[in-house]
Amino acid sequence: MQVIGWIVLLLVVLGAVVLGIPAIRKPLLSRPLLGKFRRILPQMSDTERDALEAGTVWWEGELFRGRPDWDKLLAFPKPQLTQEERAFMDHQVEQACALVDDWEITHRTGDLPPEAWAYIKKEGFLGMIIPKSFGGLGFSAYAHSEVMTKLSTRSSALAVTVMVPNSLGPAELLLHYGTDDQKNHYLPRLANGEEIPAFALTSPWAGSDAAAIPDYGVVCRGEWQGREALGMRVTWDKRYITLAPVCTLLGLAFRLYDPDGLLGSQKDIGITCALVPSDHPGVETGRRHFPLNAMFMNGPTRGHDVFMPLDFIIGGPKMAGQGWRMLMECLAAGRSISLPSSNAGMARMTARAVGGYARVRSQFGVPVGRFEGVEEALARIGGHAYVAEAARTMTAGAVDLGEKPSVASGIVKYHVTERARLVVNDGMDVIGGKGICLGPSNFLGRAYQQIPIGITVEGANILTRSLIIFGQGATRCHPYVLAEMQAVREPSPQKALHDFDAAFWGHVRFVIGNVLRAGWHGLTAGRWAAQPSNVDVATGHYYRKLSRVSSAFALLSDMSMLILGGSLKRRESLSARLGDVLSQMYLASAALKRYEDEGRQSDDLPLLHWAVQDALCRAQTAMDGLLRNFPNRLAAGVLRRLVFFWGLPFAVPDDRLGQKIARLLTEPGSARDRLTRDCYLPASADEPVGAIELALAATLAAEGAQAKLRQIDKSGLLADNPLANVRDMTEAAHAAGALTDDEYAVLRRRDTLRDTVVRVDDFPFDVLSANSTPPGGQT
């Protein structure tokens, strides 16, 4: 036995020497491994490489490492508006909302009113991201996000019209890549609304696979401004292009070819981005789509053999072929702002309006918001709205810190739009028949109708979840995978071996650490996992639980990549579940960050508890689903024992928590105001949301008189009165002398506003006939 012990010790020492001394390790182990990696690593196209390497890694990278530094998260500055930005929100944004009527736009005119178009141009809404030196507002990403969120609580047409010029498009591309002449000419005109931009990327034959666009340009000589010039003839057929029907400046993505070698030896130059005036000869615009009756301008654009000079290329001829990288580098910022903001705004308004409606509307003598089934829906509405807003705010703040969070932008795009869908669906269930009859008093019907738009655009959600979040995250967020891939493709043998040796053995140490960490946290239920140094007693356990999930996720990710290799890319369901775990950790982190940034408001704890518990449970479901479907059953069993030693640890939020959120949404208070801040709230009862706000106040003011009215009804005093019904009880009691004039006045105002809120619009039977003029709201 003693001899065996010495042999084991000798082997350990030899192993340590081999692994610990690079001069020995590199030729014996690293060189053969490098060769093997080169043979098995799948080929990657230039467009795939650009997509993987675009953007930056932010907090999602910490979550991917398995040991997030929570103090780092909480040290990120709270996003805040400047005085100028706050004033713009309180005045210009408020006024822009007041200028539009969503029912008029979607049912009668099909466009923003002329005064609204003029106002958003004059006040700089279309140039929020353009620096002041070029005549723009020079707003922060957070301010841009705040503006979009509030506009979305009023009208999708207004929000999207402002969104597109400030998202991925000509202005952003010009700022990063344009020549000085292009910037000086176009940016001031874009800032003041003289130019209306659109960006044409999507093709009927290459939707989600945008890199495969068939639109092409051929370098050639032609006539430009009366003389021969070197240019390109471009042919394109694009669809779903927002603002295309009204744009004056068209951004265009196409693949550029140089068959005659006029620019050099490269024949296939690659994807190129150009700016083309919409009145340029051969450019076709003007027709429109109707995306589920959302009346923002959206339509196709086409052109055939349209000659344009090389100077139309964004950045000039030297940027020919650089279009895909340009788009990938800029996409992260735009995806972090536009759809997360508009959908968080939709969720915010739904929470406020549906919560108010559920308190005003009664059935069986009880506000509908008190029924347990409705409370469940209200809890989901409040919890999803809270976390959607938290994720939107945190990610916009990252952009202001200089990040281009490519993975985080995919997370918030997918999950905020999906949470908004859940919120609106629940809202429709609560308001019932009120929601299914379109009309000027329906405050939710158009949102319900248009929810799939956000799900579909800027990367369809199925694609984003299945391929992008983990597919890109596994490379960008992992501390070693990208370095290994770059080393494998390094042409210099010496540098390749050096870089691969450092990355691979660092990766080995990383895996061993995660195995030990995940196993320890699984055994101890994460009791001693990492948490912030200045932790709140109400939330400390959530940080520890998330640290446990992070270590488990890091282990599952590495084992999935190791065991499945390149086939993981094709196993989209498994990749999607790994992405779900990363996403839920990010959302829970955002919710905790929001709670800290807002000063640990105790009234908000029900919302925070629900949001984090829901995220933990969803992450657990994703990990359980991954292990149940993992093709290597032996590995799945070992991993399950490491991750879930005592079984599945997390539970869905309970009913008592849901009831607290339901009360929060149905009663005025500081928590409700924080959850739904900066909604556009008209003061008039002629507006559906304004009527709910007034009716909610009137309902609460009438609570004492209503209690008396219930006692009168129970007493039998009005038993033989035909007016003693749910609608006319106030009149009957007052006529019988059972109510004072003051009590009657309070109840009568409540009844009038209540009846306005529950009213459903009706129209002449031929309202949709060709010869009929749509009414403006006769009910």
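Me: How many salt bridges does the structure hold, and what makes a contact a salt bridge?

Reply: The structure holds 45 salt bridges. The term requires a side-chain nitrogen of Lys or Arg within 4 Å of a carboxyl oxygen of Asp or Glu. This is a predicted model, in which local features need pLDDT of at least 70 and side-chain atom pairs count only at pLDDT 80 or more, while totals for chains, interfaces and linings use all residues. Residues are numbered from 1 along each chain as its sequence is written, and side-chain values use heavy atoms, with hydrogens and water left out.

Me: Why is the contact of Arg86 with Asp678 called a salt bridge?

Reply: The closest N and O atoms of Arg86 and Asp678 are 3.0 Å apart; the criterion asks for a distance within 4 Å, so the pair is a salt bridge. Arg86 belongs to helix H6 (residues 83-98), and Asp678 to the loop between helix H26 (670-675) and helix H27 (688-701), 592 residues apart. Helices here are DSSP runs (H or I, at least four residues) and strands likewise (E, at least two), numbered from the N terminus.

Me: Why is Asp678 called buried?

Reply: Buried means under 20% relative accessible area, exposed over 50%, and partly exposed in between (1.4 Å probe, protein chains only). Asp678 has 17% and is therefore buried. Its partner Arg86 has 28% and is therefore partly exposed.

Me: How do you know that Arg465 and Asp580 form a salt bridge?

Reply: Their side chains meet at 2.7 Å, N to O, which satisfies the distance limit. The pair links distant parts of the chain, with Arg465 in helix H18 (residues 461-476) and Asp580 in helix H22 (residues 572-597), 115 residues apart. Arg465, at 26% relative accessible area, is partly exposed, whereas Asp580, at 12%, counts as buried.

Me: Which residues are joined into one network by salt bridges that share partners?

Reply: The network comprises Arg86, Asp90, Glu146, Arg348, Glu389, Arg392, Arg677 and Asp678.

Me: What makes strands E4 and E5 a pair?

Reply: Two strands pair if DSSP finds at least two bridges between them. Nine bridges join E4 to strand E5 (residues 268-277), so the condition is met, and the two run antiparallel. Within this pairing, Leu256 has Gly270 in E5 as its bridge partner.

Me: How do you know that E1 pairs with E4?

Reply: Strand E1 (residues 197-200) and E4 share four bridges in the parallel sense, which meets the requirement for a pair. Phe199 has Gly251 in E4 as its bridge partner.
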